[in-house]
Amino acid sequence: MPRKPEPFKRGRWSVKIDVQDFIYRNYSPYEGGPEFLSGPTARTRRLWARVQGLMRRERRSGGVLDIDTSVPGGILSHGPGYIDRRNELILGLQTDRPLRRAVKPVGGVRLVERACLAHGRRLSPRISEIYSKYRKSHNEAVFSVYTEEMKLLRRLGIITGLPDNYARGRIIGDYRRVALYGLDRIEAEKRADLARLDDFVQFETIQLREEVAMQLEALAAMREMGRGYGFDLSRPAADAREAIQWTYLAFLAAAKESDGAAMSIGGLSAFFDIYIRRDLASGRLTEERAQELIDDFTIKLRMIRQLRPPEYDEIFAGDPVWITLVLGGMSSDGRPKVTRTDFRFLQSLRNLGPAPEPNLTVLYSPRLPAKWKEFTAETAIRTSSLQFENDDLMRPVVGDDYGISCCVSLLRAGDQIQYFGARCNLAKALLLALNGGRDETRGELVVPGIPAIRGRYLDYDRVHDNFVRVIGWLAGQYVRIMNVIHWSHDKYYYESAQMALLDTNVDRLMAFGLAGFSAVVDSLCAIRYARVEPVRDRRGMTRDFIVHGEYPAFGNDDERADNRARDLVITFISELRKHAIYRQAAPTLSILTITSNVLYGKKTGATPDGRKAGAPFAPGANPMFGRERNGVLASLNSVAKLPYHAAQDGISNTFSIVPSALGPDPAARRANLVGILDGYFEKGGQHINVNVLDRELLREAMRHPERHPHLTIRVSGYAVHFTRLSREHQEEILRRTFHEMM
């Protein structure tokens, strides 16, 4: 007979919205192993089989199963949807049918039209008319404000991948608030905030009042959406099932309203575990049922879909959503934040098989319990589905309650947001410095006032001086472009559901990024330590380079290269900090390319390191392919030296090793991976993807994709099903370094 559950320990969270305090007072660290875990139940297997059947149909349909072309997507645009009502524990779909995608013309109706046509559909003429004639979109607004200089930088691939033709994403609503407090409490707090915003002289106050009014509308829509499924979200969740259901519906409202490039979900495991432990203690829940709830929740996250135009797929291959979910980490009081529910989330990879979503991210510290570290290492080796980030590096910046936005970027839960800004092509910037400020392919003048460099061999000091001038000019243009994009996004495509679940006054970051990083570091090293002879065309533009002699390449634990890498990061962020940023956001910087390292490379001529025109860059902060000659540890040491204080948007490192190099048997591989992670993070590394596989497996999947539909690999801050990548992206991954020695 179930007993009445024990009340939660009260504290600051009882009198004000403070989820962190609730967790701190009520969670219980777990230092044991995985022996308590349950396998998939018959009910879970039936539901997952149904979903797998839908996903097979989706793959056979070219990657998109269905599109509702007649109704613009929103929180209440579609009625309740189900997969298999009798077998679902956690309810809710984006539209009224599983894997049916909604259109979001408020972002840009022409983009939606192209996305529909790419999959053999046609957007409703009525929607096209409304959003062409009567309703301005985010995309239209941006391009009406852009200067010709901004358009040129975008067209030439110098500053590109921008969220001017897709929703920005990277905002993490604190979805736990709906479960802990209920919508009535959240709405009351928002109304009180609105009443306090009474300075009608300041433009910022008027803007924020309008935004809070939109947030209140979103909260009302969430309440009605929940009612459609038979749930009363007005009140707090009463048990574990409701806590997970309420949290999921809050996230679902955000996914229905926005098609952001990254729909991260934050940290949930300790929060869910508090409810699960209470229900287990009172006899209301069994371990088997607890695992079912986590498996059901995971299934729902795996089914989130957004409609994307073809140009989006070129940048972000594999149809990702980046529902980044963080696990583990340490509490600020020294306790591990690992709970049994952290284990349960990893168990879902065994019960359901590996998959890209949710984007599971382990917040890692060498001080975490040994059995948890071993379990995460074993799971990474078996599935290639995990990424690890340095909790000891990030926790001092924002505290112990934070999520990872998109791929590798930290955001404090509840009161911090990030404006996303794609990347500046550093390799193109270097070529502008070598070519008098002109684009190396078209000869167009981009950066004024850059002196031409002549002579048979490149002089390092002259190149460096020009390069710093180019970076300074580009940083200013980059900030202006970002200001335009995010002013337009706030005005025309505001994420009211996500912002309603954050504090009204938030701390804002603006995330800038770099592409072609290691190619530029190696190019500077080649110019400094070897002799580089440019091959110029009749216009005087560089079209190739001949490298005479050897040079130290990034990725070999060589201070000559690693110092230049450090200086480059610090120089770029220093230039960004000189400029005024929209809504007083603080600039952050990432070395992260997603899969756009292929697209950026395609738009870039030959570089002085010996890379040929059009060849891909290495992803993120990775060394260039084939240049890591001193093994795994040397490569990791080079990346770990990059200064996180100058790149707090993240330093992405994708690490691939063949199983035999990691160890002769599973136990040795597990122990060695734990040792690698401990060492890398102790040296200051911020992020690492882990792939443990052979190239031949990937080649086999390319030959017979039907045999490997669920083969998951980490690419650059996120995971994908390998067979959903284009042939071009698959071939680029095969060219990456697969370490064969430690």
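Reader: How many helices and strands are there in the protein, and what makes a run count as one?
Author: The protein has 26 helices and 20 strands. Both are DSSP runs, numbered from the N terminus: H or I over at least four residues for a helix, E over at least two for a strand. This is a predicted model; local features need pLDDT of at least 70, side-chain atom pairs count only at pLDDT 80 or more, and totals for chains, interfaces and linings use all residues. Residues are numbered from 1 along each chain as its sequence is written, and side-chain values use heavy atoms, with hydrogens and water left out.

Reader: Why is the protein called as compact as a globular protein of that length?
Author: Its radius of gyration is 25 Å, and the globule rule gives 27 Å for 742 residues. The radius is taken over C-alpha atoms; the rule is 2.2 Å times the number of residues to the power 0.38. The two values are close, so the description holds.

Reader: What share of the residues is buried?
Author: Buried residues make up 67% of the 742. Buried means under 20% relative accessible area, exposed over 50%, partly exposed in between (1.4 Å probe, protein chains only).

Reader: Why is the pair of phenylalanine 143 and tyrosine 146 called edge-to-face?
Author: Rings of Phe, Tyr and Trp (its six-membered ring) pair if their centres lie within 6.5 Å; planes under 30 degrees apart count as stacked, over 60 as edge-to-face and the rest as tilted. The structure holds 30 aromatic pairs. In this one the centres are 5.1 Å apart and the planes stand at 70°, so the pair is edge-to-face.

Reader: What makes phenylalanine 143 partly exposed and tyrosine 146 buried?
Author: Phenylalanine 143 has a relative accessible area of 29%, so it is partly exposed. Tyrosine 146 has 5%, so it counts as buried.

Reader: Why is the pair of phenylalanine 231 and tryptophan 246 called tilted?
Author: Their ring centres are 5.6 Å apart and their planes at 55°, so the pair is tilted. Phenylalanine 231 lies in the loop between helix H8 (203–228) and helix H9 (240–257), and tryptophan 246 lies in helix H9, 15 residues apart. Tryptophan 246 has a relative accessible area of 0%, so it is buried.

Reader: Which residues of helix H26 are buried, and what do they pack against?
Author: In H26 (residues 727–735), His729, Gln730, Glu732, Ile733 and Leu734 are buried. The buried residues of H26 pack against helix H12 (310–315), helix H21 (597–602), helix H25 (695–703) and strand E19 (712–714). Contact means heavy atoms within 4.5 Å.
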